[in-house]
Amino acid sequence: MSATVITVTSGKGGVGKTTTTAAFGAALAMAGHRVCVVDFDMGLRNLDLVMGVEKRVVYDFLHVAHGTAKLAQALVRDKRVPDLFLLATSQTADKGELTPEAIDHVMNLLRPEFDYILCDSPAGIEHGAMMALHHADHALVVCNPEITSVRDADRIMGYIAARSRRAQDGMAPVREHLIVTRYNEERVRRGEMLSLSAIQDILAMPLLGLVPDSPSVLRASNAGRPASLDAGTEVGRAYRTAARRFLDQTRQTARAPLGMGAGFLSALAETAQRGVLRRLFRHA
Ligand SMILES: Nc1ncnc2c1ncn2[C@@H]1O[C@H](COP(=O)(O)OP(=O)(O)OP(=O)(O)O)[C@@H](O)[C@H]1O
Ligand SMILES: [Mg+2]
């Protein structure tokens, strides 16, 4: 097994990266894949809280990087979804300790153990965000329907294109997928928020998920439950759909016949998705 690395990123802070990492990671694990979510937000542990495992964190990323703990000692297994694991970040460490060598070492330990590694980026476009992007095979670009968020998502796409390991090693580029969160159809109608099609026109990136703005997210994070565990909520369904779509699209790419590239297939899938999403939201 050699894991596919998915980095959850945004540029702008507070848009829903950590919520998405937990929910998308849990949805992939519920679909039968072995998943590790990794918190790259040094000094600001959040992912363990959103997953409700904070009391069980003993060792973190830097302990593993420095060899003071084995990977198996640091991984925290979810009690509800047995194929879901967390590697926590350090709460106190100096951010400079998150070096490329430390990350390479931990990633090399994680890759053979998992199908998917999800990296939760810190806000911004500085060191921590770049470190979280470095190993990405896929990037989930999270944005809210606001111009500042869309602009920062656009900037982060430039960094992904230039700074990832794939870019530096001349490999096929990181595949980017858009997740629009906190979408409020009513506010879009009133012109207070950007519409989905306006966001897509600016970002020109395939849409993977459209997550409504909902108080169920805060309730889930206060209860320490990844939002996708609640299949009865719109948000839960949106994240499960996004994970299913991701699995379908990446499978389609692997099987793309000669002469019919991944772009063609994902464009087809995307057209179908947009129709479904529009219908879903008209009836919501
Ligand atoms: N779909 C949603 N509906 C309502 N609230 C949401 C939604 N998604 C996220 N939130 C809320 O937005 C806030 C920020 O979410 P989150 O911590 O996931 O963002 P982040 O991008 O990881 O932030 P940071 O950049 O600080 O790491 C949280 O209070 C969360 O509960
Ligand atoms: Mg976060």
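This section describes the fold, the core, the ligand surroundings and selected backbone features of a predicted model.

The protein contains 13 helices and eight strands. Of its 284 residues, 47% are buried. Among contacts between residues at least 6 apart in sequence, 76% connect residues at least 24 apart. The eight strands assemble into an open sheet with mixed pairing, and their order across the sheet is 3-4-2-5-1-6-7-8. The edges are occupied by strand 3 (76-77) and strand 8, each of which has a single partner strand, so one side of each is left without a neighbour in the sheet.

Strand 2 (residues 35-39) is placed between strand 4 and strand 5 in the sheet order. With strand 4 (residues 84-87), strand 2 runs parallel and is joined by four bridges. Within this pairing, V35 stands opposite L84, and V37 stands opposite L86. The pairing of strand 2 with strand 5 is likewise parallel and extends over five bridges; here D39 faces D120 as its opposite residue. Strand 2 is mostly covered, with five of its five residues buried. In a regular strand, side chains alternate between the two faces of the sheet. In strand 2, V35, V37 and D39 point one way, whereas C36 and V38 point the other way, and all are buried.

V37 illustrates the surroundings of this strand. The residue has 32 C-beta neighbours inside 10 Å and therefore counts as buried, the cut-off being 20 or more. Leaving aside residues up to four places away in sequence, V37 touches T21, A22, G25, L47, L86, L118 and D120. One of these residues, A22, is 15 residues from V37 along the chain, and the two C-alpha atoms are separated by 7.2 Å.

The largest nonpolar core comprises 81 residues, among which V35, I117, L118, V141 and Y239 touch the most other members. The greatest contribution to this core comes from helix 1 (residues 17-30), which gives seven residues. For Y239, the contacts beyond four places in sequence are A23, F24, A27, G209, V211, A227 and S228.

Helix 6 (residues 127-134) is also mostly covered, with six of its eight residues buried. These buried residues are G128, A129, M131, A132, L133 and H134. The elements that cover them include three strands, namely strand 1 (4-9), strand 5 (116-120) and strand 6 (138-143). The cover also includes helix 5 (100-110), helix 7 (147-163) and helix 8 (165-168). Helix 6 lies across strand 1, strand 5 and strand 6, and runs at about 155° to strand 1.

The shell around ligand 1 consists of 21 residues, of which G13, K17, T18, T19 and A123 come nearest. By class, this shell has seven nonpolar, ten polar and four charged residues. Helix 1, strand 7 and helix 11 (215-222) each supply at least two residues to the shell.

Two residues other than glycine were examined for their backbone conformation. R182 has a positive phi of about 60° although it is not a glycine, and A204 has a positive phi near 45°. The settings of these residues can be set side by side. R182 belongs to strand 7 (residues 175-183), whereas A204 is found in the loop between helix 10 (196-203) and strand 8 (207-212). R182 has 22 C-beta neighbours inside 10 Å and so counts as buried. A204, by contrast, has 10 other C-beta atoms within 10 Å and is therefore exposed, given that the cut-off for exposure is 12 or fewer.

Notes. Residues numbered from 1 in each chain as written. Chains lettered and ligands numbered in written order. Predicted model: local features only at pLDDT ≥ 70, side-chain atom pairs only at ≥ 80, totals over all residues. Core = buried A, V, L, I, M, F, W, Y, C linked by C-beta atoms within 7 Å. Contact = placed C-beta atoms within 7 Å. Near = placed C-beta within 6 Å. Nonpolar A, V, L, I, M, F, W, Y, C, P; charged D, E, K, R; others polar. Pairing = 2+ DSSP bridges. Axes fitted to C-alpha atoms, helices over the stretch in contact; angles between N-to-C directions.
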